[in-house]
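Reader: Got a minute to walk me through this one? I'd like to go piece by piece.

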Protein chains: 2
Amino acid sequence: MTPAQLDAADPLAPFRDRFALPEGVIYLDGNSLGARPKAAEERVLQVVRKEWGEGLITSWNQADWIGMPQRIGDKIGRLIGAGEGEVIACDSTSINVFKASCAALSLAPERSVILSERGNFPTDVYMMQGIETLTGRQVRAQLVQPDQIEDAIDGSVAAVLLTQVHYKTGRMRDMARITSLAHRHGAAMIWDLSHSAGAVPVDLTGAGADFAVGCGYKYLNGGPGAPGILYVAKRHQEKVIPALAGWFGHAAPFAFEDRYEPAPGIARFLVGTPPVLGMAALEVGVDLFLEADMAAVRAKSISLAQLFIERMAPLAEAWGFALASPADPAERGSQVSYRHPEGYAIMQALIERGVIGDFRAPDILRFGFTPLYTTHAEVAAAVEHLAAVMEQREWDRPEHKQRSAVT
Amino acid sequence: MTPAQLDAADPLAPFRDRFALPEGVIYLDGNSLGARPKAAEERVLQVVRKEWGEGLITSWNQADWIGMPQRIGDKIGRLIGAGEGEVIACDSTSINVFKASCAALSLAPERSVILSERGNFPTDVYMMQGIETLTGRQVRAQLVQPDQIEDAIDGSVAAVLLTQVHYKTGRMRDMARITSLAHRHGAAMIWDLSHSAGAVPVDLTGAGADFAVGCGYKYLNGGPGAPGILYVAKRHQEKVIPALAGWFGHAAPFAFEDRYEPAPGIARFLVGTPPVLGMAALEVGVDLFLEADMAAVRAKSISLAQLFIERMAPLAEAWGFALASPADPAERGSQVSYRHPEGYAIMQALIERGVIGDFRAPDILRFGFTPLYTTHAEVAAAVEHLAAVMEQREWDRPEHKQRSAVT
């Protein structure tokens with residue numbers, strides 16, 4: 001089928017119009033910052049104008065600001081196979097990694113290792129290293145090569161912290177198998193779903209995961225710096241005294257007692273006052289996602305990626321792009337990456353043409369496929385632009401080699 | 001002078017029109033959630049519509065989202081006597097308490113105590129208690145009676161954590177004297193400025209403070225759940241390896257290295273991706289504040305509070321309201337509190353009349369004075385409403401005794 005035919009047959013096609021996308025742009029970076037749902041504008045305006053401006057302090061009750069972390073968390077839970085009361089939207093992904101890691105350590109006081117893989121996203125590995133220096137207990141943040149993770153899980157490991165879909169390559173881990181392996185060795189499993197939630201079907205309950213964190217501003221389209229996601233399996237919630245003992249996680253926050261007493265359930269993992277503006281925008285993105293069928297999202301994601309790889313084949317051959325993602329869709333999330341020594345400059349030239357992907361050091365060009373708003377026609381056109389960038393050596397200009405603060 | 005005369009002579013009067021306040025409401029709760037600057041609506045809309053919707057990922061550079069924590073932090077720094085590069089806007093107040101406390105502990109590895117006072121706001125004391133359970137090192141979160149703080153500072157104390165202006169009573173601590181006392185005993189001083197920043201003149205540099213945290217959504221009018229504030233004195237910044245080792249605090253975040261290497265300066269205390277919507281609204285509130293003269297703000301704050309206390313005198317006598325705040329303005333922040341056994345119901349009845357203050361368990365009625373938008377006429381009218389509530393026993397109705405989720 002041609003790209004146009006694929007788009008004509010796409011059951012998700014109507015979602016495209018629910019997003020505000022700029023004219024003349026092919027956006028393949030929804031894995032970094034999701035596009036804006038049109039409804040976000042009205043909702044945020046409502047919060048600013050009515051709930052804050054008119055309701056003022058009464059909106060904590062009247063507009064149920066107080067219930068946002070749990071309400072939005074439960075909605076996200078439906079996208080990642082969690083039960084009611086197992087997910088909250090709160091803080092940043094980094095802070096949630098810290099909370100989950102400390103919780104896992106507290107469940108296994110005689111173990112000392114938090115295990116992850118080299119090249120995992122910095123959010124995960126730096127937070128692990130911070131815990132290493134913080135606690136007097138001999139905690140060790142251990143990083144091994146990706147293919148050695150399974151061998152490295154032993155009786156010293158308190159928690160395994162892995163990103164299900166790798167941010168650079170898009171390689172997807174087998175959640176059920178690794179969780180089960182961790183459990184056989186008595187270790188807790190923490191999944192980072194930053195590139196999974198809204199990108200691929202996730203079943204935390206089915207996999208038996210212990211903890212998970214995720215990101216609100218990528219595939220969930222929650223807006224820049226949207227609150228993060230924290231999942232704690234029900235069976236662990238009452239066993240953990242949170243390391244970040246916040247007043248919003250207290251059993252009776254408005255009693256203002258001197259002694260921290262954790263709230264029942266997932267609420268104990270809340271820390272400070274919820275960021276209401278960010279929460280409101282995130283909820284719009286999540287609500288929109290809940291209208292879609294996740295199996296259809298996955299099918300279209302694979303279709304877009306396969307079309308991209310197919311069309312890229314002659315460019316790979318001619319210009320030396322090396323596929324950095326698994327060729328098998330079953331082992332890949334919703335992105336496709338290529339390595340190229342001039343990757344940075346090539347991506348800048350491509351962006352100048354209105355095709356927005358991104359670059360990850362040292363040599364990765366990343367293309368994210370977001371089935372709610374990306375079309376097959378756009379994918380095909382993106383490859384044509386890339387061909388033109390290479391044929392006309394557009395990348396070989398000084399301005400394309402100048403690095404920005406954010407790459 | 002009459003309230004009308006005081007308002008006519010008020011140099012800050014023009015600021016009132018810069019805020020969106022609902023008709024028929026006298027808002028005396030800006031110490032809990034500041035009112036909305038009118039300009040916040042347009043700015044947030046610009047972020048949602050243009051920067052997110054059109055700029056998408058490029059806005060991290062183009063709209064300088066990446067620079068928000070430092071840029072807004074430096075602006076706030078001017079309101080609290082900090083130097084350039086000593087303040088960032090980030091995370092929540094609670095998370096910042098955690099960061100400051102862990103930093104102070106790391107500066108004094110041989111000391112074990114974090115000291116605060118009983119009845120301090122839960123954000124502070126709960127985070128202290130979380131650190132106590134987290135670290136293997138014998139850290140003790142010690143709470144003493146407010147009047148015993150100075151005696152309790154000794155050689156075992158790593159850090160003293162105090163709220164400058166108490167959230168219930170408005171009692172203001174002498175920042176310079178206590179900081180100097182802490183230093184004489186070799187302890188670091190952490191100030192919680194939640195009820196100080198934008199409420200009273202603060203001089204962190206003059207006082208020699210080591211760390212400070214603060215709140216963006218109270219007197220700074222940054223919007224519900226606005227990002228918090230963290231101050232780290234320049235002399236300490238390079239000595240501390242942050243416990244919350246975040247990728248935004250890395251020396252080279254976009255190099256995606258496996259090893260955490262703290263950024264130079266205050267940037268190392270950043271953790272995750274900044275909440276852009278909340279940051280944008282906060283900046284509007286801070287910019288507006290920077291137009292005002294802090295000495296004039298303080299003078300009007302005292303004038304409003306003195307008028308309130310004066311008008312309350314007959315009610316206190318007749319109905320048993322006991323002043324819970326220091327009578328001397330020099331010892332008080334920008335709020336006045338009264339105790340009354342029926343405080344909760346009385347506040348509900350008052351709110352029904354459109355006078356919004358708040359209640360703090362067990363018996364405190366709290367009235368905040370925010371000189372940028374509160375008038376003397378409103379203060380006088382608020383007391384008249386309260387008189388009517390008491391005279392007509394409006395508080396003595398079942399619906400006013402029903403507690404809400406947020407009080």
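**The antiparallel sheet in chain A**

Author: Sure. In this predicted model, chain A has an open sheet of four strands in the order E11-E12-E15-E14, with antiparallel pairing.

Reader: Which strands stand at the edges there?

Author: E11 (322-323) and E14 of chain A do. Each has a single partner strand, so one side of each is left without a neighbour in the sheet.

Reader: And how many bridges join E14(A) to E15(A)?

Author: Three, and the two strands run antiparallel. For a spot to look at, Phe359(A) has Leu365(A) in E15(A) as its bridge partner.

Reader: OK, switching to domains. How is chain A divided?

Author: Into two: domain 1 covers 3-30 + 293-401, and domain 2 covers 41-290. Their centres, taken over C-alpha atoms, are separated by 29 Å.

Reader: How many residues does the contact take from each domain?

Author: It takes 18 residues from domain 1 of chain A and 15 residues from domain 2 of chain A. On the domain 1 side, helix H12 (294-319) and strand E12 (335-339) of chain A each supply at least two residues. That side of domain 1 divides into six nonpolar, seven polar and five charged residues.

Reader: Let's go to the parallel strands. Is E5(A) mostly covered or mostly open?

Author: Mostly covered: five of the five residues in E5(A), which spans 113-117, are buried. Val113(A), Leu115(A) and Glu117(A) are on one side, with Ile114(A) and Ser116(A) on the other, and both faces are covered.

Reader: What does E5(A) pair with?

Author: E6(A), residues 140-144, is joined to E5(A) by five bridges, and the two run parallel. Within that pair, Val113(A) is matched with Arg140(A). E5(A) also pairs in the parallel sense with E7(A), residues 157-163, over three bridges. There, Ile114(A) stands opposite Ala159(A).

Reader: And where does the chain go from E7(A)?

Author: E7(A) pairs with E8(A) in the parallel sense over five bridges. Leu162(A) has Trp191(A) in E8(A) as its bridge partner. Between the two strands the chain crosses through helix H8 (residues 175-184) of chain A, and that β-α-β crossover is right-handed.

Reader: How many residues of E8(A) are buried?

Author: Five of its five, so to speak the whole of 188-192. Ala188(A), Ile190(A) and Asp192(A) point one way, while Met189(A) and Trp191(A) point the other way, and all are buried.

Reader: What else does E8(A) pair with?

Author: E9(A), residues 211-214, in the parallel sense over three bridges. Asp192(A) comes up again here, standing opposite Val213(A) in E9(A).

Reader: Change of topic: how many residues does the contact between chain A and chain B take from each?

Author: 77 residues from chain A and 77 residues from chain B. On the chain A side, H2 (38-52), H3 (59-62), H5 (93-107), H6 (122-134), H11 (276-290) and strand E14 (358-360) each supply at least two residues.

Reader: Which of those gives the most?

Author: H6(A), with nine residues.

Reader: What's the mix of residues on that side?

Author: The side of chain A that touches chain B divides into 45 nonpolar, 22 polar and 10 charged.

Reader: How do the two chains relate to each other?

Author: Chain A can be laid on chain B by a turn of 180° and a shift of 0.0 Å along the axis, with an RMSD of 0.0 Å. That is the relation of a two-fold axis. Also, 100% of the interface residues of chain A are interface residues in chain B too, so the copies meet through the same surface.

Reader: One last thing, over in chain B. Why is H13(B) largely enclosed?

Author: Helix H13 of chain B spans residues 343-352, and eight of its 10 residues are buried, so the rest of the structure largely encloses it. Among the buried ones are Tyr344(B), Ile346(B), Met347(B) and Leu350(B).

Reader: What do the buried residues pack against?

Author: Strands E12 (335-339), E13 (355-356), E14 (358-360) and E15 (364-368), plus helices H14 (376-391) and H15 (398-401), all of chain B.

Reader: And what comes just after H13(B)?

Author: Gly354(B), which takes a positive phi of about 90°.

Notes:
Residues numbered from 1 in each chain as written. Chains lettered and ligands numbered in written order. Predicted model: local features only at pLDDT ≥ 70, side-chain atom pairs only at ≥ 80, totals over all residues. Contact = placed C-beta atoms within 7 Å. Nonpolar A, V, L, I, M, F, W, Y, C, P; charged D, E, K, R; others polar. Buried ≥ 20, exposed ≤ 12 C-beta atoms within 10 Å, placed from the backbone. Pairing = 2+ DSSP bridges. Domains from an automatic or database assignment. Least-squares fit on C-alpha atoms with pLDDT ≥ 70 in both. Right-handed = clockwise from strand over helix to strand, strands pointing away.
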